[in-house]
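Open the model in your viewer and keep the sequence panel visible. The stops below say what to select and what is there.

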Amino acid sequence: MARRRHKKRTHIGAQNGPSNGVPANSSAFRGPKTMVIRMGAGDVGSSVSQLVKDVRSMMEPGTASRLKERKSNRLRDYTTMAGPLGISHLLLFSRSSTGNTNLRLALFPRGPTLHFRVERYSLCKDVRKALRHPKGGGKDYLSPPLLVMNNFVSPEEGHQSKHSVPKHLETLSTTIFQSLFPPISPQSTPLSSIRRVLLLDRQIPKSTATANFTEASPYVINLRHYAIVTKPTGLSRGVRRINAAARTLKERASRKGMPNLGKLEDVADYILDPSAAGAGFTSGSESEMDTDAEVEVLDVNRRKVLSKKQVEEARKCEGDGQHGGTGAQKRAVKLVELGPRMTLRMTKVEEGVCGGKVMWHEYLSKSEDEIKEMERVWETRKREKAERKRVQKENVEKKRKANASTGEATNEGQEGALDEDDSDDREGWDDEVSETEQDPK
């Protein structure tokens, strides 16, 4: 029997698509899911469109990386589909009439929503051009990044202006950013799965000499995205260069990067002689990393089954304080920036998903009487909305019952008409039979 053809070239799945037949909204992935949207589609410009793509790659794997927007799409279109898809966060990029780029971070489905103005940003391609040795993506985007937050809670000391962010809203913004990525357990999370770092650093304003200042302290966040690169330490520069060239030879057929040892009599001259820097083997800029950047990790690649005797010897060595059998090795950690960069300034916090009571505004402040009046207006709106929903529900039930009764009456009429037709057919058949019996031939 011939084998069934499996199409591989024309049916390539998405990078973040489900594998092994698991549906997209399955409970297999329990982490938060985000949707990065550009409101107005092409109206935001090419730079903001590329920024949206870079942010989607940064939020991998729990994001819709191949989302297509249209100019006619509205926020309601995305919120309608966010529920069935299991979306937990919405990141909405837009451009105002004055040319400012804005970002809204909404917690779905009940809010709240944080409004930011993107003061400065750099795309991934700009960051790669600025680096001497840029790092590509690859398998780094198969796992979510490690979130590092700094200075998100302002110190207690110092005078706060009336436009400053209250303490409870600082805690709220911290919780929202923490919920963007799944939590990490030090006991169960493998170190090999942590390949990227997302750094959020809040700029704390400097304390002024005068206590009675009226200028508002802005809530500014700097966003940086890095890749984690580790290298084994304890080896000379020459040995590490040969190891790197050997790995390159396995992946490629070229000999680029392999050191030229033709002028040396012994390989020891290359490894041990410090004067080999004149031949281009080592340099001052390629020295070892600082010891502060060194960590000890377990070698997860070793999978050797030990006998009972070997296990007892290993336990005995650990009890005597010898760490030779633990499999730990020192590695130097280095961060390579991937991009994008963004400087975000919070301008407003509101309840709900992009439409609700304003909890804080950077430029507007209200008195206590105005706040009470605003709360009264919102309570009135909530009651009216609940009343409209109740009336709509009653009308829907009435229409449903009326349609059901009309359908039953229609069915009964159709059945009666069918019965009459059957009786007429029977009478005509009886008359034909009687005439045939009376006039035999």
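Select D43 to begin: with a relative accessible area of 54%, D43 is exposed, because exposed means over 50%. This is a predicted model. Now add K71, which is exposed as well, at 56%. The side chains of D43 and K71 form a salt bridge, with N and O 3.7 Å apart. The two partners come from distant parts of the chain, 28 residues apart. D43 is in the loop between strand 1 (34–38) and helix 1, while K71 is in the loop between helix 1 (46–58) and helix 2 (75–85). Side chains of opposite charge can pair when their charged atoms come close.

**The whole chain**

Zoom out to the protein chain, which has 441 residues, 25% of them buried. Colour by secondary structure to find eight helices and eleven strands. Switch on the surface: the accessible area of the chain is about 31200 Å², and carbon and sulfur atoms account for 50% of that area. Of the contacts between residues at least 6 apart in sequence, 73% join residues at least 24 apart. The salt bridges number 15.

**A salt-bridge network**

Which residues does E119 pair with? Select E119 and R117 to see one salt bridge, 3.6 Å from N to O. Then select R345, which forms a salt bridge with E119 with the closest N and O atoms 3.5 Å apart. This second pair spans distant parts of the chain: E119 sits in strand 4 and R345 in strand 10, 226 residues apart. Add E362 to the selection, and you have R117, E119, R345 and E362, joined into one network by salt bridges that share partners. E119 itself is partly exposed, at 31% relative accessibility.

**A buried threonine**

From R117, move to T101, since the two are in contact. Apart from neighbours within four places in sequence, T101 touches V48, S94, R95, R117, V118 and Y121. T101 lies in strand 3. Is T101 buried or exposed? The relative accessibility of T101 is 5%, so T101 counts as buried.

**Two cis peptide bonds**

Follow strand 3 (101–107) to its end and select P109, in the loop that leads to strand 4 (113–122). The peptide bond between F108 and P109 is cis, with omega about 10°. Next select P340, in the loop between strand 9 (328–337) and strand 10 (341–350). Here too the peptide bond is cis: G339 and P340 are joined with omega about 0°.

**Two positive phi angles**

Most residues other than glycine have a negative phi, and most peptide bonds are trans. Two residues to select next have a positive phi without being glycine: N151, at about 60°, and C354, near 55°.

- N151 is in the loop between strand 5 (146–150) and helix 4 (167–178). Its relative accessible area is 35%, so N151 is partly exposed.
- C354 is in the loop between strand 10 and strand 11 (358–361). Its relative accessible area is 18%, so C354 is buried; the cut-off for buried is under 20%.

**A nonpolar patch**

Return to the surface view and select L261, V267 and I271. Together L261, V267 and I271 make a nonpolar surface patch of about 200 Å². V267 belongs to helix 6, which covers residues 267–272. At 43% relative accessibility, V267 is partly exposed.

**Last stop: V377**

Where is V377? Select V377 and you are in helix 8, residues 368–438. V377 is partly exposed, with a relative accessibility of 30%. To finish, draw a distance between the C-alpha atoms of V377 and K357: the two are 9.9 Å apart in space and 20 residues apart in sequence.

Note on methods
Residues numbered from 1 in each chain as written. Predicted model: local features only at pLDDT ≥ 70, side-chain atom pairs only at ≥ 80, totals over all residues. Heavy atoms only, no water. Helix = DSSP H or I, 4+ residues; strand = E, 2+ residues; numbered from the N terminus. Buried < 20%, exposed > 50% of the residue type's maximum accessible area, 1.4 Å probe, protein only. Contact = heavy atoms within 4.5 Å. Areas by Shrake-Rupley, 256 points an atom, 1.4 Å probe, with all protein chains shown as cover. Salt bridge = Lys/Arg side-chain N within 4 Å of Asp/Glu carboxyl O. Patch = residues over 30% accessible without salt bridge, like charges linked within 9 Å, V, L, I, M, F, W, Y side chains within 5 Å.
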